[in-house]
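User: I am new to this structure and would like to learn how to read it feature by feature. Could you take me through it, giving the general idea before each case?

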Amino acid sequence: MTLVSGRSAIPPTRVHEMDAVVVGAGGAGLYAALELKQELGLEARIGVISKLYPSRSHTGAAQGGVCAALGNTEEDHWEWHWFDTVKGGDYLVDQDAAEVMCHDAVETIINLEHLGLPFDRTPDGLINQRRFGGHTRNYGEGPVRRSCFAADRTGHAILQTLFQQCIRHDVTFFDEYQVLDLALPQGSGGPVTGVIALETATTELHAFRAKAVLFATGGYGKIFKVTSNAHTLTGDGMAIPYRRGLPLEDMEFFQFHPTGMYRLGFLLSEAMRGEGGFLVNDRGERFMERYAPTMKDLASRDVISRSIYLEIAEGRGIGGKDYVHLDVRHLGADVLNTKLPDMSGFIRTYFGLEPLTDLVPIQPTAHYAMGGVPTDIDGRVLADATGAIVPGFYAAGEVACVSVHGANRLGTNSLLDILVFGRRAGKKMAAELADLSQPVADAGAEVSVQTRISGLLAGTDGERPAVIRSELQEVMFLKCGVYRTEQLLAECRDEVAGLRERAQHLLVDDKGCRYNTDLGEALELGFLLDCAEATVESALARTETRGGHAREDFPERDDANWLKHTFATRDPASGAMSMAYKPVTITEFQPKPRTY
Amino acid sequence: MDVQLRIRRYNPEADDEPHWEEYTVPAEPNDRVLDLLHHVKWYQDGTLTFRRSCAHGVCGSDAMLINGRNRLACEYLVKDAGPQITVEAIRGMAVLKDLLVDMEPFWESYRQVKPFLVNDEIPVDGKERRQSPADRDRFEDTSRCILCAACTTACPVFWADQSYVGPAAIVNAHRFIVDSRDTAKEERLQIMADPDGVWRCRTTFNCVEACPRDIKITRAILEVTAEIGKAGLR
């Protein structure tokens, strides 16, 4: 026990015995917890551990919808959705996984309706559906109405519904606990036997022992300066296994969403274009007609973001600056106020503009990590590129890489991913629980977390975490953003390494034990730096342009050499990085040039 | 421009009493009050403590009393707040540190109204339950609640007596009471008809003014009252 500034101390670790724990309370985590309760009964000790109250999770910020080929408003087939997902992912999608997702989508959406989700309805009372980027009928012929939605707050509706049903099923919540490490008593090969978490209210450490652990912690968009992600999306769930020597898959693929609000970064939903909005440059041209003659403003996000960058690079940004306009004026008051009320509200609140009469300034914003902790189709975490399983360890949602999004995720497929794979992971955990070994403590990890916290609280000089974080966000946005080159990435790698070095000496102002969010942010900075390292290293390795990874020095997709996933690993002992590769699973759709 | 930020600080671990502290923060007119709080925390005094996450008004973490009114710090811009801004914790809840309050009683009230759809019957065709757009519209407004507590902590009845379930819990009860798919309406109406339930509302409309989602809370409360009457529970 370390005394801190004479008046407070970190109490010894408290222990909780659970059957299974879920880390993260967004859509994936809550659906998994609900499944676990439904499969194992109300007596099962299922704990959901979250940095935030569950209703604060970033699933709630998702807007436009969730796709499933219900065919409620026009003909649709899940196989078409499957094709769109594979093509949208620039053929880096594991097709067996995408098949599961698009097939399961239909039943999953129906299940959510049964759980109470307030979907918009057709005149006949069915779940209503609308168009969304990259989703087509009959293998690319034209847009299709596939996105099921609750106004423009579909994620909010999903998060609320799943939280509500978890309350109904008596899930145990540990709110405002920050998970800092995995219990891996026998090393990175597993088994995982629990987690170590910091209780924000008290700065107490808690060891949760469980036979099965699911990470559903979301993404790491805060490595970038302009991002749609919440402040809390700091890649904790990716960095923790990475530090223990487990791999991260396809980290070079980060999606930049084309319509971020200028400078603010948060999103104006693709649904604004789904309902008929379009992009214009400084000359008032609908430039997407040139880049994507068929799908135009509903081409996939990587294509549109790159098109915007090219317009800006050629001087056709608004007033020569680094943004273009979204035009929704013609949609009319009815559509803007009833189908897109939150979006219209954002434009009014944050820009003071009126979407009915004004053009809206937008720029691409860092939005979504296609990569993450590698898993199989049941959420089981892979120990390496050969596909070995880490017993007791599961991941689902943005933190995971199944891989259903390949090099670029289609709009709405993130919500679908968290739902389908959160649920499947929950089912699998329930099925495997009896065969998993009794949890034992990882004393080494407990001591190491204790030491890290004591060190941060004891330090009296060093740099503020915010200074380093802000430099990280600048360099990542500038040198590892929409367009990349070998030189930029090499510089970026060096700068991130320098920031990692500087982050060894942080100044945490708050030395107390009560809601020490200053400490929390310092710990999050460490996670961000690790995620940035893996991202840059993977981006350097991949010498081609595909989906969300655009290399100016390698402008073509290179199927001969790169139909494979990257697995970035850092040796915990030596700190040496290594890269391994896993072939893409191609079952149905042979790679073709991608046009929209 | 510079903004003068007055923040009511209180750390029970170190302070006997709450006190005001002033900070000068550089700001642009379009900055959010949350940006100013971050500026203090990140570059001036890391001990300043508050909750936040999404920073654009959808997660409900950062309800605070700003310039005398409950608002989300991420939705209130400097150009509207002016050059002198006072920030304190929302009222009626125990302050645990600075702008961060004890939310547990709030969640308890929320759980009390059984905030979940009850209906275990699945249509025989295995598909979605049908619901007309008109029936769906009845809870459109109340389903938008983000549980930020701005309404409940603006309510004078709640300030006086925290056993009142409060507007946020009633809004969430309403969301299910008027949902044509739900089968636990009566149970929820019983809870609402409790002496600490819906009758305590004095229709001062503070909640409506405070709601960052512009939910018509008083109307929802009146609709719940009417449903109680219809069910003969009055």
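Analyst: Let us begin with confidence, since this is a predicted model. Over residues 1-9 of chain A the pLDDT stays under 50, and for this stretch the model has 15 contacts beyond four places in sequence. Where pLDDT is low, the predicted coordinates should not be read in detail. For chain A as a whole, the mean pLDDT is 95, and 98% of the residues reach 70 or more.

User: Which residues touch the most other members of the largest nonpolar core?

Analyst: In soluble globular proteins, nonpolar side chains tend to be buried together. Here the largest nonpolar core has 264 residues, and the ones that touch the most other members are V195(A), V213(A), L214(A) and A396(A). The element that gives the most to this core is helix α15 of chain A, residues 517-541, with 13 residues. To take one case, A396(A) has contacts, beyond four places in sequence, that include A28(A), A32(A), L214(A), I418(A) and F421(A).

User: How should I read a single helix, and why can helix α4 of chain A be called largely enclosed?

Analyst: An α-helix has 3.6 residues a turn, so residues three or four places apart point the same way. Helix α4 of chain A covers residues 154-168, and because each residue should add 1.5 Å, its 15 residues should span 21 Å, which agrees with the 21 Å between its end C-alpha atoms. Since 13 of the 15 residues of α4(A) are buried, this helix is largely enclosed by the rest of the structure. After α4(A) comes D170(A), whose phi is positive, near 60 degrees.

User: What backbone angles does the model give for Y91(A) and Y515(A), and where are there cis peptide bonds?

Analyst: Most residues other than glycine have a negative phi, and most peptide bonds are trans. Y91(A), which is not a glycine, has a positive phi near 65 degrees, and this residue lies in the loop between α2 (78-88) and α3 (95-115) of chain A. Y515(A) likewise has a positive phi, of about 40 degrees, and is placed in the loop between α14 (486-502) and α15 of chain A. Y91(A) counts as buried because it has 24 C-beta neighbours inside 10 Å, and Y515(A) counts as buried because it has 25. As for cis bonds, one runs from G190(A) to P191(A), with omega near 0 degrees, and another joins V402(A) and S403(A), with omega of about 10 degrees. P191(A) is in the loop between β10 (177-182) and β11 (194-199) of chain A, while S403(A) is in the loop between β22 (400-401) and α11 (413-432) of chain A.

User: How many residues does each chain give to the contact between chain A and chain B?

Analyst: The size of an interface is often given as the accessible area lost when the parts come together. Counted in residues, the contact takes 40 from chain B and 42 from chain A. On the side of chain B, the elements giving two or more residues are α1 (33-44), β6 (95-97) and α4 (133-137), and that side divides into 17 nonpolar, 11 polar and 12 charged residues.

User: Is V58(B) buried or exposed, and which residues does V58(B) contact?

Analyst: V58(B) is buried, because 29 other C-beta atoms lie within 10 Å. This residue is in the loop between α1 and β3 (63-66) of chain B. Leaving aside neighbours within four places in sequence, V58(B) is in contact with G60(A), A61(A), H156(A) and I146(B).

Key: Residues numbered from 1 in each chain as written. Chains lettered and ligands numbered in written order. Predicted model: local features only at pLDDT ≥ 70, side-chain atom pairs only at ≥ 80, totals over all residues. Contact = placed C-beta atoms within 7 Å. Helix = DSSP H or I, 4+ residues; strand = E, 2+ residues; numbered from the N terminus. Nonpolar A, V, L, I, M, F, W, Y, C, P; charged D, E, K, R; others polar. Core = buried A, V, L, I, M, F, W, Y, C linked by C-beta atoms within 7 Å. Buried ≥ 20, exposed ≤ 12 C-beta atoms within 10 Å, placed from the backbone. Expected span 1.5 Å × (residues − 1). pLDDT = per-residue confidence, 0-100.
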